[in-house]
Amino acid sequence: MSSTVQTHAPHAHSPHEHSGVAHAAEPKTNYLTANYGWKSWVFSVDHKRIALMYLFTIAFMILVGGVFALLVRLELATPAGDLLQSENYNKIFTMHGVVMVFFFLIPGVPAVLGNFLLPIMIGAKDLAFPKINLLSYYVFLVGILLTLTAAAMGGVDTGWTFYTPYSSTYANSQVALAAVAVFITGFSSILTGLNFVVTVHKMRAPGMTWFRLPLFVWANYATGLIILLSTPVVAITIVLVALERLFHIGVFDPAYGGDPVLFQHMFWFYSHPAVYIMILPAMGVISELIAAFSKKRVFGYPVVAFSSLAIAVIGFFVWGHHMFVSGQSTYAGVVFSVITMLVAVPSAIKVFNWVSTMYKGDVLLSTPMCYAIAFLGLFTVGGLTGIFLGTMGLDIHMHDTYFVVAHFHYVMVGGMVTAFWGGLHFWWPKMFGRMYPEAIGRVAAALMFIGFNMTFFPQFILGYMGMPRRYHFYPEEWQVLNLVSTLGATLLGISYLLPMIYLPWSLKFGKVAGKNPWGAKGLEWEADSPPTTFNFDKTPIVTEEAYAYPEGARHQPEAKVV
Amino acid sequence: MSSVDATGLAHHFEDLEQQRESATLGMWAFLITEIMFFGGLFGAYVVYRTMYPEAWDNGSRELDVFLGAVNTTVLIGSSLTMALAVRCAAKGNNKQVAGFTLLTMVLGFVFLGVKVIEYKAKYDHHLIPGPGFMYGGHAGGHEQIFFALYFTMTGMHAFHMIIGAGLMIWVILRALKNSYTPQNHTHVEMIGLYWHFVDIVWIFLFPLLYLLGRHGHAIGAATGGHH
Amino acid sequence: MWKGIPLFPDSASTYSDAVDYFYLALVGISIFFTLLIAALVVLFAIRFRAREGSAGATQIHGSHVLELFWTAVPLVIVMALFVWSTKIWFTITRPPAHAEQYYVTGKQWMWKIQHPTGQREINTLHVPVNVPIQLRMISEDVIHSFFIPAFRVKRDVLPGRYSTMWFEATKAGTYHLFCAEYCGTKHSQMIGSVIVMEQEDYQRWLSGAAAGETPQVQGEKLFAAMRCDTCHTGQPGARGPKLQGLWGQKVDLSDGSTVVFNEDYVRESILIPTAKTVAGFQQLMPTYAGQLGEDQILSLIAYLKSLSDPAQGGAKP
Amino acid sequence: MSSEHSHPHITPIKIYLAVFATLIAGTWLTYWVAYKDFGWLNTPVAMAIAIVKAGVVVLYFMHVKWQSKLTMLYAAGGFVWLLTLFAFTLQDYFTRSWLPVYE
C-alpha cells in the first residue's frame with residue numbers, strides 16, 4: 001500500500017524494498033531466527049511468537065476435541081448404547097463442547113491469525129500491550145490444564161451450557177473445577193479482546209484511517225468489543241454456579257426460590273454474542289481471501305465493515321431465542337425473535353457482497369479460495385437454518401433437537417473452522433516463509449466439503465423428525481441417517497488431519513515463499529516472510545485504501561502452477 | 001524484546017503520549033469488563049428484588065447500617081487519598097506518592113476490618129446461606145437469596161480491594177525508588193482508576209444492600225426482622 | 001433404498017400441519033437462496049477464472065442500489081416469516097378453554113402423569129383423539145422438557161414453577177415422548193410413548209386401568225389430613241383466608257401489593273408461607289416443605305381449583 | 001491520534017476536596033432519606049443520589065472530564081451496556097404475567 005503496486009511476486013532471495021530497489025541477498029533475521037532457546041519463546045512478548053504458541057496449543061486442543069467428537073459419532077452409529085456407558089457418553093459430549101467452544105472456536109481465529117496479523121496489517125510493531133498478550137496466553141494455558149485436570153479427575157457431565165440446577169446441585173461430576181477453568185479461560189479472551197481494541201484505536205500507522213483498514217481488522221475490532229462487553233457476565237455467572245456448588249451460597253436453587261431461568265439469561269447474554277465472537281473474525285478472513293483471489297476490492301467495503309459492527313451490536317439483543325420454550329415470557333420471546341430476524345440481514349448482506357466481489361474478478365481457485373468458497377456454501381446453509389430456529393412457532397418443535405446441532409455446526413465448523421483453515425493456508429507463507437503443497441491442499445478442502453455435508457446434513461432431517469440432542473440412545477428407525485453422519489465424520493476427520501500433516505511437512509520441504517506469493521494487497525504482504533521482529537524496517541506510511549488492486553489486476557503465472 | 005528506554009517508552013510505541021493514551025484507553029476497556037462483571041450480580045439483585053420484595057426488605061434490615069455508612073465514608077476517604085497520590089505522581093513528588101498510597105492502603109484495610117466484623121455478626125445470627133441458614137426462626141426462606149447475593153457482592157468487592165492493596169505495595173516500592181516523573185507515572189494513574197472504580201461499586205452497594213427497605217423504621221435501628 | 005427409512009415425522013395434532021407448512025416454506029426459501037449463491041459462486045469462479053489471456057479484474061467499488069436491494073429483500077422476507085411464525089406460536093401456546101387437565105411431574109429420569117379421572121401412568125400418556133388436552137407440569141429436581149415430535153410441541157418442565165402446554169391429537173397411534181432438556185445420566189432414557197386412542201377405546205382403557213381417586217378428591221383428603229381446614233375453615237374470623245371462589249382472582253397482600261391466586265402462588269404459599277401474606281391476616285402458617293411432594297401439591301391445587309368451579313360444586317368467583 | 005492534552009492534567013486540590021465533601025454529604029443524605037417513606041420513590045431517590053456520587057467520581061477523581069472523547073465514550077459505554085443487560089432481562093420478568101399461557 002505504501003509501496004508502488006507490485007505486479008509480480010518477488011523472488012524469495014531478492015526481496016524488493018518499499019522503494020522497489022533490490023538489495024543484495026543477505027541473510028536477514030526474522031522473528032523466528034531473532035533469538036534461540038526455549039526462554040526466547042516462553043517469555044516472548046512478540047505477537048508473532050505468541051500467535052505461534054497459540055497455534056500449537058490450539059492444534060493440540062483440536063485433536064483432543066476431535067477425539068471426543070469421534071467417540072460421540074462412533075457411539076451414535078448404533079441406536080443402542082453399546083460403546084460407552086451413559087455417564088461417560090455425557091461426559092464426552094460435554095468435553096467435546098467445552099474444548100471446541102472455549103479452546104478452539106473462540107480463540108482460533110483471533111488468537112492465532114489475529115494476533116499474528118492485526119499489528120502487521122495496521123503497520124504497528126506489536127499489539128498495544130505485549131506483556132498482557134503473553135499473559136493472556138498463559139492464562140489460556142492454565143484454563144486448558146484445569147479443564148484437562150477436570151477431565152482426568154472424572155470429567156464433567158453438564159453439557160457445555162452448565163444449566164442450573166443440574167450443574168449447581170444435582171450433577172455428580174467435576175463441575176466446580178470445570179467452571180473455574182472456563183472462568184479463567186474467559187480472562188484470556190478478555191485480555192486478547194482488550195488488546196485488539198486498544199491496538200486498533202491507538203497503534204495504526206500514519207495514514208491508516210478507519211476506512212483503509214482491512215476488513216479482517218474491522219472484524220477483529222468488533223469481536224474485541226463483544227468480548228469486553230459479554231465475557232465478564234458469563235464469568236460472574238460461572239462464579240455463582242461454583243459458589244453454589246462449593247459453599248451453598250447460591251442464587252439459582254429453586255428450593256428456596258431461585259430461578260433457573262435467570263441462569264439461562266445470564267449465560268446466553270454471553271454465549272449468544274460468543275457465537276459472533278467465533279464467526280466475525282472468520283468473516284474477516286473470508287473478506288481477505290476473496291479479495292486476494294479475485295484481485296478485487298471487496299464489493300461494498302464500508303457496508304461489509306459496518307455490517308460487522310451491526311452484527312456485534314444487534315447480536316447482543318437476541319439471546320432469548322435460546323429460551324423460547326424455557327419459561328421466558330411470551331412478550332420477551334417476541335422481542336428476541338424479531339431482533340433475531342434482524343441480525344440475519346447483515347449476515348446476508350455480507351454473503352451477497354462476497355459473491356459480488358468475485359464478479360469480473362480474476363478468480364484463482366487456490367486452496368485458500370477453495371476454503372472460502374466452501375465457507376460461502378456452508379455458512380449460507382448455516383445462516384438460513386438459523387432463521388428456522390429464530391422463529392418462535394417453529395422453534396417450539398426444533399429446540400434442543402439435532403436440527404440445532406446441525407445448524408450450529410454449519411455455522412461454527414462450516415463457517416469458522418473452514419475460514420480458519422483457509423486463513424491458515426493463505427498466511428502460512430507469511431508466518432513461516434514456506435508454501436504448503438497446493439494440490440493436496442485442494443484435495444483436503446474438497447474432502448472437507450463432502451465430509452462435512454455428509455456429517456451434518458442428515459442431522460437436519462433427524463432434527464425435524466424430533467431426535468433430541470445429547471441423546472445416548474435413540475429410536476432404531478433413525479439409525480441409517482446416523483450411520484451416514486458417522487461415516488461423513490470419518491471423512492471430515494481425515495480432511496482435517498491432512499493439513500495437520502502436510503503443513504508441518506512444508507516447514508522443511510515447502511517451496512520458499514517470497515514476501516508476497518499471492519501478489520496480494522495489504523501491509524502484511526510488504527513485510528518479509530517471515531516478518532522481522534518489529535514487522536517493518538521503518539513504520540510504513542499508508543496512502544491507499546485497502547485492496548487497492550489496479551484495473552486489470554491479474555494473478556501471476558507462477559501462482560497458477562499446480 | 002519489550003525494551004523500555006530511559007524515559008519509560010516501550011519499544012513498540014512512537015512516543016510517550018501514544019503510550020499514555022493507550023494505557024488509559026486500555027484501563028477503561030478493562031473497567032468496562034469490571035462494570036459488566038459486577039453488572040451480572042446487580043442484574044440478579046434486581047430480578048430477585050422484584051420477585052421477593054418482602055424478603056429483600058427483611059434482609060436489608062439485618063445489616064448494620066451504621067457500620068455500612070462508616071465504611072462508605074472510609075472508602076470515599078481512601079478514594080480522595082488515592083486521587084491525591086495520582087496528583088503527586090503527576091508532579092513527580094515521589095515521597096508524597098508513597099505517603100498517600102500508604103494512607104489509601106490503610107483506609108482500605110480499615111474497610112476490610114469493619115467488613116470482617118459485619119461478616120462475623122451474620123455468622124452469629126445464622127445468616128450464612130447453606131444448610132444452617134435461619135431467618136426469623138425458619139430455614140429456607142427467600143431471605144437466603146438476599147444473603148447469598150450480599151455475600152457474593154460484598155465478597156467480590158472485598159476481593160477487588162485486596163488486589164488493589166497488593167498493587168499499591170508495588171506503587172509504594174517504586175515511589176520510594178523515585179520512579180515516577182510527570183511524563184511517566186502511568187502505573188499510579190491506572191491503579192487510581194481501578195481504586196475509584198471499586199469505590200463506585202460500593203457507592204451502589206451501600207444503598208442497595210443496606211438502605212432500601214428501611215423506610216418506616218426508626219433511624220439507626222440495626223435489626224428489624226431478627227428474632 | 002430409502003423405503004422404510006423415515007425422513008419426515010408423523011403429523012398428528014391440530015397445529016402440526018401449520019408448523020409443517022411453515023417449515024416447508026422456509027425450506028423452499030433456503031433452497032432458493034442456497035442454490036442462488038452456489039450458482040453465482042460457481043458461475044463466477046468459472047467465467048472469471050484466472051487464465052492466460054484473461055482481461056484481469058475490473059475494479060467495481062460497490063453499488064448503493066444493489067446494497068439497498070439485498071438489504072431490503074431479506075428484511076422483508078424475515079419480517080414476514082416472523083409474523084407468520086409468531087402467529088403459529090400463539091396457536092400452540094394458547095390452550096382453548098375447558099381443555100382436559102392432566103398433571104405431569106418430571107423427575108430424574110421418568111415422567112409421572114395423572115389423568116383428570118385419577119389414573120396414574122409412568123412414561124406413557126394415553127389420550128383420546130380430538131380432545132384438547134392441557135398438561136400442567138412441574139419438575140421435582142432439574143429442568144426437563146416434555147417433547148412430542150409428532151405434535152410439534154415441547155415445553156420445559158421447571159423445578160419450582162408450573163409450566164403448561166396443550167395439544168389436540170388428530171390421529172390415533174403411538175408416538176414418541178422425549179425429554180428434550182439435558183437432565184443427567186439417563187437423559188436419553190427419559191422417554192416414553194403418547195398413545196392416542198379413539199374415544200371409545202380411551203373410555204375402555206380408562207375403565208380397565210386402576211382408576212384411583214381423581215386429583216380433586218385426593219386434594220380434598222390431603223387438605224383434611226394436613227389439617228389445612230383448621231385455619232382455612234372458610235368461615236368469617238378464621239385464622240386463614242377463605243379459599244372458596246378465590247381461584248384466578250387478585251388477592252391483596254399485607255404489603256399493599258396484589259398477586260393472582262394461581263398455581264404458582266398456591267405452591268409458594270404451601271412451601272414458603274412467609275413469602276406473601278394476605279392482607280388482614282397474620283403470618284401463622286407453617287411451611288409444608290419436605291412434607292408434601294410435587295404430586296400432592298398438584299392434587300391440592302386441583303382441589304382448590306374445584307372450590308372455585310361452580311360446575312364442580314365450588315363457589316363462583 | 002494524539003489528543004489535545006500533551007501534559008498530564010493536574011487537578012487543583014480544591015476540586016478534590018469539594019468532590020470529597022460532595023461524596024460524604026451524599027452518603028449521609030442517602031442514609032437519612034432511607035428512613036423517610038416516599039412510597040415507590042425510595043429506590044429512585046437512593047439510586048439518583050448514588051448515580052450523582054458515581055458521576056462525580058468518574059468525572060473528577062477518574063479525570064474523565066479531561067480525557068479524550070474516545071475515553072469518555074468508553075467510560076459511558078460500559079454503563080449504557082449494563083442497562084441493556086438489565087432491560088432485556090427484566091422484560092422477561094416484568095411480562096411473565098402478561099399474555100399468560102394460563103387460561
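Visitor: When are two residues in contact in this predicted model?
Guide: The model is predicted. Two residues are in contact if their C-beta atoms, placed from the backbone, lie within 7 Å.

Visitor: How many residues of chain D are in contact with chain A, and what kinds of residue are they?
Guide: On the chain A side, 14 residues take part in this contact, and they meet 13 residues of chain D. The chain D side divides into seven nonpolar, four polar and two charged residues.

Visitor: Which helix gives the most residues to the side of chain A that touches chain C?
Guide: Here 79 residues of chain A are in contact with 74 residues of chain C. Elements giving two or more residues to the chain A side include α3 (86-105), α9 (260-294) and α15 (438-465) of chain A. That side divides into 45 nonpolar, 22 polar and twelve charged residues. With 13 residues, the element that gives the most is α11(A).

Visitor: What distance separates the end C-alpha atoms of helix α4 of chain B, and why does it agree with the expected span?
Guide: Helix α4 of chain B covers residues 94-124, which is 31 residues. The expected span is 1.5 Å times one less than the number of residues, so this helix should span 45 Å. The computed distance agrees with that value: the end C-alpha atoms are 45 Å apart.

Visitor: Against which helices do the buried residues of α4(B) pack?
Guide: Among the buried residues of α4(B) are B:Val97, B:Phe100, B:Leu107 and B:Phe111. The buried residues of this helix pack against α3 (65-91), α5 (143-176) and α6 (186-211) of chain B.

Visitor: Which residue just after α4(B) takes a positive phi?
Guide: The phi in question is about 60°. The residue that takes this positive value, just after α4(B), is B:His126.

Terms used: Residues numbered from 1 in each chain as written. Chains lettered and ligands numbered in written order. Predicted model: local features only at pLDDT ≥ 70, side-chain atom pairs only at ≥ 80, totals over all residues. Nonpolar A, V, L, I, M, F, W, Y, C, P; charged D, E, K, R; others polar. Helix = DSSP H or I, 4+ residues; strand = E, 2+ residues; numbered from the N terminus. Buried ≥ 20, exposed ≤ 12 C-beta atoms within 10 Å, placed from the backbone.
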